[in-house]
Amino acid sequence: MIHLHPTTELAPRVLLPGDPGRALALAQHLLEKPLMFNHNRGLWGYTGTAADGLPLTIQSTGMGGPSAAIVVEELIDLGVTRAIRVGTCGALQPGFAHGDLVIAEAALAEDGTSRGLGAADTVAADAGLVAALRAAAGDGAAVGAVATTDLFYDPDPARAARWAEGGALAVEMEAAAVLQVAARRGIPAAVLLAVSDTFGPEGERSRIDEDGLLRAGERLGEVAAAALGVATR
Ligand SMILES: O=P(O)(O)O[C@H]1O[C@H](CO)[C@@H](O)[C@H]1O
Ligand SMILES: O=c1cc[nH]c(=O)[nH]1
């Protein structure tokens with residue numbers, strides 16, 4: 001592969017955090033004897049044995065649609081058949097607190113990557129994986145559309161206001177690209193997010209603290225692994 005240089009076998013099922021540090025934390029949290037199989041381009045990837053005794057791969061996508069699309073294309077070429085993005089997001093609706101979970105039924109294609117890959121206004125997640133995420137998360141997750149953007153620091157607040165008015169629950173930067181590549185290549189994919197940022201009335205950002213981010217990451221991994229069929233320890 002051009003970007004992923006695997007040094008071990010990959011599992012057919014994969015968790016996709018954006019952050020390489022979350023890939024390492026999840027490998028340590030979810031896997032027995034995790035092996036790093038890729039560090040090329042800083043895209044840390046691990047495979048190990050999950051709680052059900054079967055292999056699970058955890059591969060970071062990096063930030064943004066272009067990097068995520070490369071990673072998902074190459075993972076599918078390497079034999080991956082099911083994928084769940086496990087990411088952070090900014091809340092677009094009132095009532096969310098740091099660490100709250102959001103299951104994306106669909107992603108608004110507000111990014112260049114998914115549009116370049118032929119996405120219409122929204123890209124749907126796989127219904128079976130969404131149902132599995134709902135079951136794994138219990139009552140503890142909001143379910144709906146999220147917006148995927150290319151801009152973490154967006155100079156135009158009207159965009160987020162429009163997504164919020166349209167009912168989007170949260171904003172992040174890879175879901176539409178991951179779902180669009182998966183749809184084009186014919187594999188089921190879904191997206192589970194944890195709220196890392198909330199916004200005040202003037203758009204002022206409140207960021208989750210480091211401990212909360214670590215705990216939210218572990219919860220993302222536990223729920224998404226369960227949705228992929230991994231019994232939690
Ligand atoms: O926490 P991850 O998965 O990286 O996701 C979110 O965090 C990054 C921005 O801080 C973007 O990648 C965004 O989508
Ligand atoms: O506000 C946020 C938080 C996480 N990820 C994003 O893309 N935006």
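## A tour of the predicted model

Begin by selecting α4 and helix α7 (residues 210-227), which pack at an angle of about 125 degrees with their axes 8 Å apart. That angle makes α4 oblique to α7, and the crossing of the two helices is right-handed. Bear in mind throughout that this is a predicted model. To display the contact itself, show Leu129, Ala132, Leu133, Ala136 and Ala137 in α4 together with Val223, Ala224, Ala226 and Ala227 in α7, which they meet. Coloured by class, the contact of α4 with α7 comes out as nine nonpolar residues, with no polar and no charged ones.

From the same helix, move on to Gly138, which sits in the loop between α4 (127-137) and β8 (141-149). Is Gly138 buried or exposed? Gly138 has 9 C-beta neighbours inside 10 Å and therefore counts as exposed. A distance label drawn from Gly138 to Ala227 should read 11 Å between the C-alpha atoms, for two residues that are 89 apart along the chain; Ala227 is also one of the α7 residues in the contact just visited.

Next, select a second pair of helices, α2 (residues 65-77) and α6 (residues 175-185), whose axes lie 8 Å apart and which pack at an angle of about 30 degrees. The two helices are therefore roughly parallel to each other, and their crossing is right-handed. On the side of α2, the residues to show are Gly65, Ala68, Ala69, Val72, Glu73 and Ile76, while α6 contributes Ala176, Ala177, Val178, Val181, Ala182 and Arg185 to the contact. By class, the residues of this contact divide into nine nonpolar, one polar and two charged.

Keep Val178 of α6 on display and add Leu16, since Val178 is among the residues that Leu16 touches. Leu16 is placed in strand β1 (residues 13-16), and with 29 C-beta neighbours inside 10 Å it counts as buried. Leaving aside residues up to four places away in sequence, Leu16 also touches Gln59, Thr61, Ala83, Ile84, Arg85 and Val86. For a longer measure across the model, label the C-alpha atoms of Leu16 and Ala183, which are 167 residues apart along the chain and separated by 16 Å.

Now turn to the ligands, starting with ligand 1. Which residues are around ligand 1? Selecting its surroundings brings up Pro17, Gly18, Asp19, Met63, Gly87, Thr88, Phe152, Glu172, Met173 and Glu174. Coloured by class, the shell around ligand 1 shows four nonpolar, three polar and three charged residues.

Leave Thr88, Phe152, Glu172 and Met173 selected, because these residues, listed around ligand 1, also belong to the surroundings of ligand 2, where residues count as near if their C-beta atom, placed from the backbone, lies within 6 Å. To complete the second shell, add Cys89, Gly90, Val171, Ser196 and Asp197. Strands β5 (82-91), β9 (170-172) and β10 (189-199) each supply at least two residues of the shell around ligand 2, and β5 provides the largest share, with three residues. By class, the shell around ligand 2 has four nonpolar, three polar and two charged residues.

The next stop is Pro55, found in strand β4 (residues 55-59). With 16 other C-beta atoms within 10 Å, Pro55 is partly exposed. Its contacts, not counting residues up to four places away in sequence, are Ala11, Thr47 and Thr49. A label between the C-alpha atoms of Pro55 and Leu31 gives a separation of 8.4 Å, with their positions 24 residues apart along the chain.

Finish with two backbone details that are best viewed with torsion angles listed. The first to select is Lys33, in strand β2 (residues 32-38), where phi is near 45 degrees, a positive value in a residue other than glycine. Lys33 has 8 C-beta neighbours inside 10 Å and so counts as exposed. Then go to Arg41, in the loop between β2 and β3 (45-49), which has a positive phi of about 65 degrees although it is not a glycine. Arg41 is partly exposed, with 16 other C-beta atoms within 10 Å.

Technical notes: Residues are numbered from 1 along each chain as its sequence is written. Chains are lettered from A and ligands numbered from 1 in the order in which they are written. This is a predicted model: local features need pLDDT of at least 70, side-chain atom pairs count only at pLDDT 80 or more; totals for chains, interfaces and linings use all residues. Ala, Val, Leu, Ile, Met, Phe, Trp, Tyr, Cys and Pro count as nonpolar, Asp, Glu, Lys and Arg as charged, and the others, Gly among them, as polar. Axes are lines fitted to C-alpha atoms, for helices over the stretch in contact, and angles run from 0 to 180 degrees between N-to-C directions. Helices (H or I, at least four residues) and strands (E, at least two) are DSSP runs, numbered from the N terminus. Angles under 35 degrees count as roughly parallel, over 145 as roughly antiparallel, 65 to 115 as roughly perpendicular and the rest as oblique. A crossing is left-handed if the near helix is turned anticlockwise from the far one by less than a right angle, and right-handed if clockwise. Two residues are in contact if their C-beta atoms, placed from the backbone, lie within 7 Å. A residue is buried if 20 or more other C-beta atoms lie within 10 Å of its own, exposed if 12 or fewer, and partly exposed in between; C-beta atoms are placed from the backbone.
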